[in-house]
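Ready for some practice with the hidden spaces inside a protein? Work through each exercise on your own, then compare your steps with the solution.

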Amino acid sequence: MESRNILRFLAISLSVSLVLFFTWVHLPYAPQPNTTTDLLYCSTNSPWCTSKNRFQPINKPSTADNILEKPPNPKHHNHESDTPHHPLDPLTISEINRVRTILKSHALFRSSSPFAFHSVVLEEPDKTLVLQWKKGDSLLPRKAAVVARVAGKSHVLTVDITTGEVAVQETGSRSGYPTMTIEDMTSSTWAPLSNADFNRTIIERGVDLQDLACLPISLGWFGESEENRRLIKVQCYSMEGTANFYMRPIEGLTVLLDMDSKEVVEISDKGRGIPIPKAANTDYRYSAQKINPEMMFVNPISIEQPKGPSFTVEDEHLVKWANWEFHLKPDPRAGVIVSRAKVRDPDSGEMRNVMYKGFTSELFVPYMDPTDAWYFKTYMDAGEYGFGLQAMPLDPLNDCPRNAYYMDGVFAAGDGTPYVRSHMVCVFERYAGDIGWRHSESPITGMEIREVRPKVTLVVRMAASVANYDYIVDWEFQTDGLIRIKVGLSGILMVKGTSYVNTNQVPGQQNLYGTLLSENVIGVIHDHYITFYLDMDVDGSDNSFVEVNIKKQKTPPGESPRRSYLKAIRNVAKTEKDAQIQFKLYDPSEFHVVNPMKRTRVGNPVGYKVVPAGTAASLLDHDDPPQKRGAFTNNQIWVTPYNRSEQWAGGLFVYQSQGEDTLAVWSERDRPIENKDIVLWYTLGFHHVPCQEDFPIMPTVSSSFDLKPVNFFESNPILRIPPNVEKDLPVCKPAASA
């Protein structure tokens, strides 16, 4: 009887796990999400529109020629016949199948030992070869980079897809394990249900096993006791009465699990006196909301493009828009990778190199609660979970506007079988009423001048739901040559159960490690750090990093009525340690990447500069185990010489790593970086002290940084763009008001 119950519970938990990790349904919160029936559609050749399925003219009767059918949902692309066209194109379904076939016949995989593929991606060709390649040339040899575990050991392999040759790479003695597979995560969530003590504990805590939802939680590294086997911690929640089970933690219950054998190593239950928070007011779905009729929401809004979008996507991955072109691909670890970004010079007409490759290298999310059930929550979302593996299909009209282009990811499962992550990335044009440049002449000059140019940008977007948290990553390209990288945080807080229902119950000296958000619910203080890899190639690969320090200068007595002014002092970084930057408000600098061999007509070196926005720095002790692993956040900027083996700021194998293979370790070599092929690393940071407005789901909070031209162009590159005029724009009205 007990065995049948356990099997039933396993099935229930597995279904919950599959919902968490394989079902991607966007469930918006009030106000009401956009739907196709709420938005207007304008025809391609006249100012007609509809609010449903009908088009009505504004000034004259409709005709068949003026009818534009309601645009369908994004089409699902059949990837079975995909072929690569560019050296950086991701592996296709047929190529992944070919890799799987080759490896299954390799000696390493022919034994009866269990194995899993943790990563199967394109082994990008040498950078010099990619830079030399032109469209029309023969495609460079296609190879796959594979990370696999066989019989409990990690291996890195290179597979030549054409010849079938397999090269096994030396991984050295580095600690840590590869990124978890989806199968690792799902199987870990139901494995505790095979343990009778665990089941008994759940029932004793008042939770029906059929209402149980469990999460796989990486455990960082905290000493020798955690070495020599892959471990994971599992914590659980009650789903009873709500879809938002995250707000109903079974506080203090933690299972330590061997991820390979699925053996329960230890059960810690130190929260028996803490009630499970109630389900009331936790559901965030629109269908569950009681809408106050006096609350006013904005009318539906949509940006119409009667002539269609201004960008094209050639051969599935080459994006061309306005004066930009770049290669774009989804990635299971990084999310999205932007490569070969070039901008057209308005004077010469040539496409000029800006960035060879940019992507999210790592995310570090330490929670600030040192107690038994929380101290280990110091996530590395890219290296442990796979930022791209957690990417969700984007919701048309709400995640991305109507004329967005959607790109799928093609990834490999743990057994090497290819699968498609649909609508993982979207590309769209944005116009938010912003201004590209303007000037109105003062009346005192006698000149009636009013010149304004609108700002339209191109956005590449992905969203990853790493269990409770949602990350929105935008790469935004502007016609003035600027690239803005923005990260938005939303989703659901990871909360802690408590016996308190009001702050007046909390003893004055007690540290809650967060904020009481609702009855029996604490939102724990935590940080988010997102580190970006930016291989800048400004007008060529050999660049220098220049810190332009802004210093106060005092005027000599009697020289001027002014007593002080500011001076820009340029310091070229010779080695890596010269370019380890921590931002200081009262010791400001600009940070330039320049090509010292290319100059403008007046003699300035061409360049781009990093423009920081709101950011946060880690305050943890450098010898704290989580900070050792996350030491790449010790500085906001690093610059290293290009090395194709140094792309992941937390190291190649992050899971349970000890921090000996990070960006901070590489940079300590203090290698020369002046007039070299260099990589700039930038960390965007957030301190998050939760508040009640974050309950039960968080409004998005965002921060960004810019890559901005600095003496790259001879003058304002958007000087010649035309202004908007009325005759060029669609005029839309709801059909009922026509």
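**Exercise 1.** How many cavities of 30 Å³ or more does a search of the whole structure find?

*Solution.* Keep in mind that this model is predicted. Searching the whole structure gives 4 cavities of 30 Å³ or more. The largest cavity holds about 180 Å³ of space, and the second largest has a volume of about 80 Å³.

**Exercise 2.** Describe the lining of the largest cavity, starting from its centre.

*Solution.*
- Step 1: find the residues. There are 16 in the lining, and Y379, V466, A467, N468 and M494 lie nearest the centre of the largest cavity.
- Step 2: look for helices and strands. At least two lining residues come from each of β5 (212–217), α7 (381–385) and β20 (469–478). The largest share, 3 residues, belongs to β5.
- Step 3: sort by character. The lining of the largest cavity has 13 nonpolar residues, 2 polar and 1 charged.

**Exercise 3.** Now take the second largest cavity: which residues lie nearest its centre, and which strand gives the largest share of its lining?

*Solution.*
- Step 1: begin at the centre. Of the 13 residues lining the second largest cavity, Q235, P249, I250, E251 and K377 lie nearest its centre.
- Step 2: find the strand. With 3 residues, strand β6 (residues 231–238) supplies the largest share of this lining.
- Step 3: sort again. Here the lining of the second largest cavity splits into 9 nonpolar, 2 polar and 2 charged residues.

Notes:
Residues numbered from 1 in each chain as written. Predicted model: local features only at pLDDT ≥ 70, side-chain atom pairs only at ≥ 80, totals over all residues. Heavy atoms only, no water. 1 Å grid on protein atoms, 1.4 Å probe; cavity = no way out; pocket = protein on both sides within 12 Å on 5 of 7 lines; lining within 4 Å. Points joined across faces, edges and corners; volume = space filled by probe spheres on them. Helix = DSSP H or I, 4+ residues; strand = E, 2+ residues; numbered from the N terminus. Nonpolar A, V, L, I, M, F, W, Y, C, P; charged D, E, K, R; others polar.
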